[in-house]
Amino acid sequence: ITKLHEEGVQFLSTGGTRQFIESLGYPCQAVEDLTTYPSILGGRVKTLHPKVFGGILCRRELEQDIQQIAQYEIPEIDLVIVDLYPFEATVASGAEEQAIIEKIDIGGISLIRAAAKNFNDVVIVPSKAEYAPLLEIVKKQGAETTKEQRKWFAMKAFGVSSHYDTAIHAYFEK
């Protein structure tokens with residue numbers, strides 16, 4: 001977080017992660033302030049909003065996309081970092097079905113897929129395993145990445161997504 005902040009990266013987050021970033025002394029905009037909607041349905045819906053996904057999926061080379069995000073006051077989001085709900089750990093803990101179901105991440109997996117789809121413009125860090133590669137890039141290049149690096153992160157992201165969905169499928173298959 002420190003290195004990203006030093007590079008001028010502005011943070012946008014929800015709940016506990018936002019509080020953690022702020023506890024380290026860094027400013028962090030609440031997603032709710034961007035979307036003008038609170039976290040609803042017991043936290044099930046936080047990031048699923050056009051102001052978030054529009055900022056991730058905007059194709060920077062298309063004038064039509066740039067005009068639309070300007071029209072709807074959607075900020076470009078160039079870096080997405082996600083730590084999915086711990087579905088597998090919750091299953092392994094012997095938790096009851098309702099607790100397991102609540103650990104099926106919807107917004108996080110959607111953020112991963114959207115950012116990976118738009119790797120042309122967005123870096124996706126889909127798990128803690130990719131923190132070190134991101135830090136190495138930031139140390140060497142600052143807050144700029146190459147398309148090849150973004151594509152590598154996208155490949156990792158679809159691997160995380162695939163593994164996550166496979167674990168959920170296996171749970172339901174039992």
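Colleague: What phi does glycine 142 take, just after H9?
Modeller: Glycine 142 takes a positive phi of about 75°. The H stands for helix: helices (H or I, at least four residues) and strands (E, at least two) are DSSP runs, numbered from the N terminus.

Colleague: Before we go on, what kind of model is this?
Modeller: This is a predicted model, where local features need pLDDT of at least 70 and side-chain atom pairs count only at pLDDT 80 or more, while totals for chains, interfaces and linings use all residues. Residues are numbered from 1 along each chain as its sequence is written, and side-chain values use heavy atoms, with hydrogens and water left out.

Colleague: Back to H9. Which of its residues are buried?
Modeller: Leu134, Ile137 and Val138 are the buried residues of helix H9, which covers residues 131-141. Buried means under 20% relative accessible area, exposed means over 50%, and partly exposed is in between (1.4 Å probe, protein chains only).

Colleague: Why do they line one face of the helix?
Modeller: Seen down the axis of H9, the buried residues fall within an arc of 95°, so they line one face. The arc is taken from the directions from the helix axis to the C-beta atoms. As a general point, an α-helix has 3.6 residues a turn, so residues three or four places apart point the same way.

Colleague: And which residues are exposed on the other side of H9?
Modeller: Lys139 and Lys140 are exposed there.

Colleague: What do the buried residues of H9 pack against?
Modeller: They pack against helix H1 (2-6), strand S3 (79-81), strand S4 (123-125) and helix H10 (147-173).

Colleague: Take glutamine 149, then. Where is it found, and is it buried or exposed?
Modeller: Glutamine 149 is found in helix H10. At 18% relative accessibility, glutamine 149 counts as buried. Leaving aside neighbours within four places in sequence, glutamine 149 is in contact (heavy atoms within 4.5 Å) with Ile137 and Gln141.

Colleague: New topic: how many disulfides are there?
Modeller: The count comes to 0 disulfides, a disulfide being a pair of cysteine sulfur atoms within 2.5 Å. Cysteine 28 is buried, with a relative accessible area of 9%. Cysteine 58 is buried too, with a relative accessible area of 3%.

Colleague: Last one. Where does alanine 89 lie?
Modeller: Alanine 89 lies in helix H6 (residues 87-92). At 48% relative accessibility, alanine 89 counts as partly exposed.

Colleague: How many residues apart are alanine 89 and serine 161 in sequence?
Modeller: Alanine 89 and serine 161 are 72 residues apart in sequence and 16 Å apart in space, C-alpha to C-alpha.
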